[in-house]
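Here are some notes to keep beside you while you look at this protein for the first time. Take the points in order and turn the model as you read.

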Amino acid sequence: MKKALLIVLASLLLVSGCTKKRPDPSEVFRVDGFDRAEPFGDIPSELRGVIEGNLFSVRSGGEKSFRTRGLYPACGRVAVIETSADGAAVKLYAADGKLLAERAVQEDTRRSACFACPTEDGGFIYVLGFMDLQLVDGSWLSDGGICSKVVKCGPDGGAEWEREFPRLTHRAFLRMIERDGAYYFFGEYPEAPRDSYDHIVMLKLGADGTELARNTVAGEDFDSIRRVTQTEDGFVLHIDSQSRSGDFFPIKGEKGMHCSRYFTLAVSPDLEKKEMELAKQDYFYGSMLPVGVIRGSEIYYESVGYEVPGYVTLALECGGYVLIVSENNTGMYEMTPPTVSAIWYYTETVYSVFDGEGALVCRRAYDSTPDYDGIRKAFYERQSGAN
């Protein structure tokens, strides 16, 4: 149960912390004037199972049965990582909500399910990523070594292959792109397990999991990957970096200490680095993962193109319709513990359906607020050392 509580608190901190950095946070998090999504129209038969079943909420349940859910769309399907006190599972859904496959995930104190992605062959890939943690005796999990695992599953959910990656944490697997029969991973790695600079790592795996190529992008300071876009001859990495050496370069006019700036780097299909350029804007504003693919183009939360309440978590095409799923704040919880550096919000999952012309067809909302009273009670019991 303590693990479940930590998951809950971590997810709440993550949502609040990340959204405050978005270009227009006032549209997502407000301190007054909260609006609930009003029901509208009739649900299309193709999407009735998804919407009435509330299948794509990012969280649900009370303090004891609380579930956090990561949504990862690709290939017209959605991989869902579901984490609760009972363990973790990866579920694969069709756009109409049909459950295609399910696999229990064996997490432990060293590795947790941190990423998943549907694959073109009807299966999916998921990652058990290493996450460092300080133990009661003052030691760290990383003292015993760092290792993450990639698991490829077939359409029935059975494992086809597993590959371990020593010295790489969960941060190395922030994004996966399947291309020309290969699986590409993009992410970050630390110079040392703790208190070190982060840099960028790229992996290319074959259809059987064999590592075909690996490369890094690094300078003398912090380097962060923000997005990966595909081109005809490879990829473009969008990077925020404080480095001015190594794979980066000094910027004319800078004096003394310098801050993070936005760079782009072209990369070949074999992960060979081409030309590093300074972007026209100072910083990259946007998300790493797309929320879906609409009319053949990847869609990100900040540029969905449809007006919906709250923060977009998923965009799907189904039966001539576009389904946009979002999480909407409906109010502030009145008794957030003062030692928690985040605001706890009452929330709802909103399903908005649009036709081919972009007109709203229907909308439904379901409460997704955690049992804050129970979480708060457990939080204070932990603070006081109670069992």
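1. A word to settle before we start: a residue is called buried when its relative accessible area is under 20%. Strand 16, residues 261–267, is a good place to use the word, as six of its seven residues are buried. Please keep in mind throughout that this is a predicted model.

2. Now for the overall picture. The protein has 23 strands and three helices. Of its 387 residues, 52% are buried. The area it exposes is about 18300 Å², and carbon and sulfur atoms supply 50% of that. Among contacts with a separation of 6 or more, 49% are between residues 24 or more positions apart.

3. Back to strand 16, to see what it pairs with. Strand 15 (residues 234–241) runs antiparallel to strand 16, and seven bridges join the two. One point to find on screen is V236, whose bridge partner in strand 16 is A266. Strand 16 also pairs with strand 17 (residues 273–278), again in the antiparallel sense, over four bridges. There, V267 stands opposite K273 of strand 17. The hairpin of strand 16 and strand 17 has five residues between the strands, and L271 takes a positive phi near 65° in this hairpin.

4. L271 turns up again in the surroundings of K204, a residue of strand 12 (residues 198–205). Is K204 buried or exposed? With a relative accessible area of 12%, K204 is below the 20% limit and therefore counts as buried. Beyond its neighbours within four places in sequence, K204 is in contact with A182, Y183, Y184, T210, E211, L212, A213, P269, D270 and L271.

5. Next, please look at the open sheet formed by four strands in the order 6-7-8-9, with antiparallel pairing. Why do strand 6 and strand 9 each have one side without a neighbour in the sheet? Both stand at the edges and have a single partner strand each, so one side is left free of a neighbour. On average, neighbouring strands of this sheet are turned by 20° against each other, direction ignored. Strand 8 (residues 147–153) pairs with strand 9 through seven bridges, in the antiparallel sense. C147, for instance, has P166 in strand 9 as its bridge partner. As background, strands of a sheet pair through backbone hydrogen bonds, either parallel or antiparallel.

6. The aromatic rings deserve a visit too. How many aromatic pairs does the structure hold? There are 22. One of them is the edge-to-face pair of F115 and F185, with 6.5 Å from centre to centre and 75° between the planes. This pair links distant parts of the chain, 70 residues apart: F115 is in strand 6 (residues 111–118) and F185 in strand 11 (residues 182–190). F115 counts as buried because its relative accessibility is 3%, and F185 counts as buried at 0%. Both rings belong to one aromatic cluster, formed by Y72, F115, F165, F173 and F185.

7. Lastly, two places where a charged side chain meets a ring. R179 lies over the face of F235, at 5.1 Å from the ring centre. Over the ring of Y300 sits the charged end of R227, 3.4 Å from the centre of that ring.

Note on methods
Residues are numbered from 1 along each chain as its sequence is written. This is a predicted model: local features need pLDDT of at least 70, side-chain atom pairs count only at pLDDT 80 or more; totals for chains, interfaces and linings use all residues. Side-chain values use heavy atoms; hydrogens and water are left out. Rings of Phe, Tyr and Trp (its six-membered ring) pair if their centres lie within 6.5 Å; planes under 30 degrees apart count as stacked, over 60 as edge-to-face and the rest as tilted. Buried means under 20% relative accessible area, exposed over 50%, partly exposed in between (1.4 Å probe, protein chains only). A charge sits over a ring if NZ of Lys or CZ of Arg is within 6 Å of the ring centre and within 35 degrees of the ring normal. Two strands pair if DSSP finds at least two bridges between them. Axes are lines fitted to C-alpha atoms, for helices over the stretch in contact, and angles run from 0 to 180 degrees between N-to-C directions. Contact means heavy atoms within 4.5 Å. Accessible areas come from the Shrake-Rupley method with a 1.4 Å probe; for residues, only the protein chains shown count as cover.
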